[in-house]
Amino acid sequence: MPKDILKWVIIGLAIFVAVVLVFGAGVLVGGMKARFSYRWAESYHQNFAGPRGGFFENWRLPPPGDFIEGHGTFGEIIKINQSDFVVKGQADVEKLIIINQNTVIEKGRETIKKEDLKVGDRAVIIGSPNEQGQIEAKLIRVFYVPQNI
Amino acid sequence: MGRVGKGSDPGQTLEGCTESILFFVLIYMKQIKQIEPPAGLFERIILAIKREQELRKTKRLLFSFAGLLVVSLAAVPFSLALLVSRAESSGIIYFISTALSDLGIFLTIWQNFSLAILESLPITALLAFAISLGISVFTLRLFLYKKGLLLKYLKNYA
């Protein structure tokens with residue numbers, strides 16, 4: 001009888017710890033997404049030279065739908081600048097990707113240079129968000145897009 | 001003797017053969033009082049009642065099982081389709097495939113990879129799929145557990 005009670009107490013504690021961990025992870029990830037979404041919306045005017053949807057729109061509005069992800073994105077490169085580029089990802093949300101000397105850029109198995117990136121390339125970016133609502137890329141992986149589709 | 005009670009034909013009297021029938025009824029009733037119920041009758045009645053209750057319970061269980069199984073099995077493909085479409089649109093598949101294709105870089109920046117994957121997890125679709133699959137498995141397991149009882153009921157009463 002005491003063994004049974006002990007067993008159930010241990011099971012209950014394990015479930016409690018699992019629930020707390022999952023809840024904590026949810027709060028952490030949700031908080032990061034919310035913070036990045038806020039910064040993204042705050043800096044939209046500065047990053048993309050004009051408010052989203054035109055100059056008469058309020059550029060401080062949050063992105064439509066869910067909060068946006070700040071540690072990774074994927075989509076099509078729509079603009080390339082000196083040290084950054086713009087990716088249009090899911091739900092047509094544009095994100096400014098910062099490239100620095102530590103960024104690894106790959107195409108398939110090969111490592112390529114920043115200059116090899118082209119508008120229209122589809123890429124996966126892994127990095128970390130900064131205070132300006134941009135993503136500082138650590139890995140950019142360009143996908144081969146099959147021709148004649 | 002006189003007339004019969006209120007509900008009878010007022011013209012009918014209890015004379016002649018009617019009186020003799022009453023006499024036999026009286027004798028029969030006296031004999032009934034002397035008849036003892038067969039041994040074990042009470043137990044048999046209780047057993048029959050219990051069996052009937054068990055059957056009703058089985059019937060209720062069978063319908064609940066069937067309803068739950070149909071609903072959950074119908075929900076599984078829909079929730080799976082939802083999960084696949086959400087996983088595709090969230091980009092989690094690209095992040096995972098990138099991580100798997102270059103394990104060296106994944107190990108170097110595993111924190112960013114993990115956060116990117118966690119951020120893009122399609123939680124709602126994942127929950128819907130897990131719940132519908134869980135209910136289906138639970139119902140099937142319960143069905144297999146009570147298989148004998150349910151099949152017996154179906155065989156006898158379907």
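How many Å should the 50 residues of helix 2 of chain B span at 1.5 Å a residue? In this predicted model, the expected figure for helix 2 of chain B is 74 Å, and the end C-alpha atoms sit 71 Å apart, which agrees. The helix does have a kink, though: a bend of about 25° falls at Val76(B), shortly before the proline Pro77(B). Just after helix 2 of chain B comes Gly91(B), with a positive phi of about 90°.

As for its surroundings, helix 2 of chain B lies largely in the open, because the number of buried residues is three out of 50. Those buried residues are serines, namely Ser72(B), Ser79(B) and Ser90(B). The cover over them includes helix 3 and helix 6 (123-145) of chain B.

Helix 5 of chain B tells another story. Seven of its 10 residues are buried, so helix 5 of chain B is largely enclosed by the rest of the structure. The buried set runs through Asn112(B), Phe113(B), Leu115(B), Ala116(B), Ile117(B), Leu118(B) and Glu119(B). What do these buried residues of helix 5 of chain B pack against? On the chain A side, the partners are helix 1 (2-42), strand 1, strand 6 and strand 7, and within chain B they are helix 3 and helix 4 (103-108).

Now for the contact between the chains. Here 15 residues of chain B meet 17 residues of chain A. On the chain B side, helix 2 (41-90), helix 3 and helix 5 each put in at least two residues. Helix 5 of chain B gives the most, with six residues. Sorted by class, the side of chain B that touches chain A holds eight nonpolar, six polar and one charged residues.

Turning to chain A, its secondary structure amounts to two helices and seven strands, laid out along the sequence as α-α-β-β-β-β-β-β-β. Of the 149 residues in chain A, 25% are buried. Looking at contacts in chain A between residues at least 6 apart in sequence, 53% link residues at least 24 apart.

Helix 1 of chain A also gets the length check. Its 41 residues should span 60 Å at 1.5 Å a residue, and the end C-alpha atoms are 59 Å apart, which agrees. Buried along helix 1 of chain A are Val29(A), Lys33(A), Phe36(A), Ser37(A) and Trp40(A). These buried residues pack against helix 2 and strand 6 of chain A, and also against helix 5 of chain B.

Helix 2 of chain A covers residues 44-48 and includes Asn47(A). Is Asn47(A) buried or exposed? Neither label quite fits: with 18 C-beta neighbours inside 10 Å, Asn47(A) counts as partly exposed. Setting aside neighbours within four places in sequence, Asn47(A) makes contact with Leu96(A), Gln132(A), Gly133(A) and Gln134(A). Asn47(A) and Glu94(A) are 47 residues apart along the chain, while their C-alpha atoms are separated by 9.8 Å.

On to the strands. Strand 1 of chain A runs antiparallel to strand 6 of chain A, with five bridges joining the two. Strand 1 is also antiparallel to strand 2 of chain A, this time through four bridges. Strands 1 and 2 of chain A form a hairpin, with three residues between them. Glu76(A) takes part in both pairings: its bridge partner in strand 6 of chain A is Arg122(A), and in strand 2 of chain A it stands opposite Lys88(A).

Finally, the largest nonpolar core. This core has 28 residues, and the members that touch the most others are Ile97(A), Ala123(A), Ile125(A) and Phe95(B). Elements giving two or more residues to this core come from both chains: strand 1 (72-80), strand 2 (84-88), strand 3 (94-98), strand 6 (122-129) and strand 7 (135-143) of chain A, plus helix 3 (92-101) and helix 5 (110-119) of chain B. For a view from one of those core residues, take Ile125(A). Apart from neighbours within four places in sequence, Ile125(A) contacts Gly72(A), Thr73(A), Val87(A), Ile97(A), Ile135(A), Ala137(A) and Ile140(A).

Methods:
Residues numbered from 1 in each chain as written. Chains lettered and ligands numbered in written order. Predicted model: local features only at pLDDT ≥ 70, side-chain atom pairs only at ≥ 80, totals over all residues. Buried ≥ 20, exposed ≤ 12 C-beta atoms within 10 Å, placed from the backbone. Contact = placed C-beta atoms within 7 Å. Core = buried A, V, L, I, M, F, W, Y, C linked by C-beta atoms within 7 Å. Nonpolar A, V, L, I, M, F, W, Y, C, P; charged D, E, K, R; others polar. Expected span 1.5 Å × (residues − 1). Bend = angle between axes of the 7 residues up to and from the residue. Pairing = 2+ DSSP bridges.
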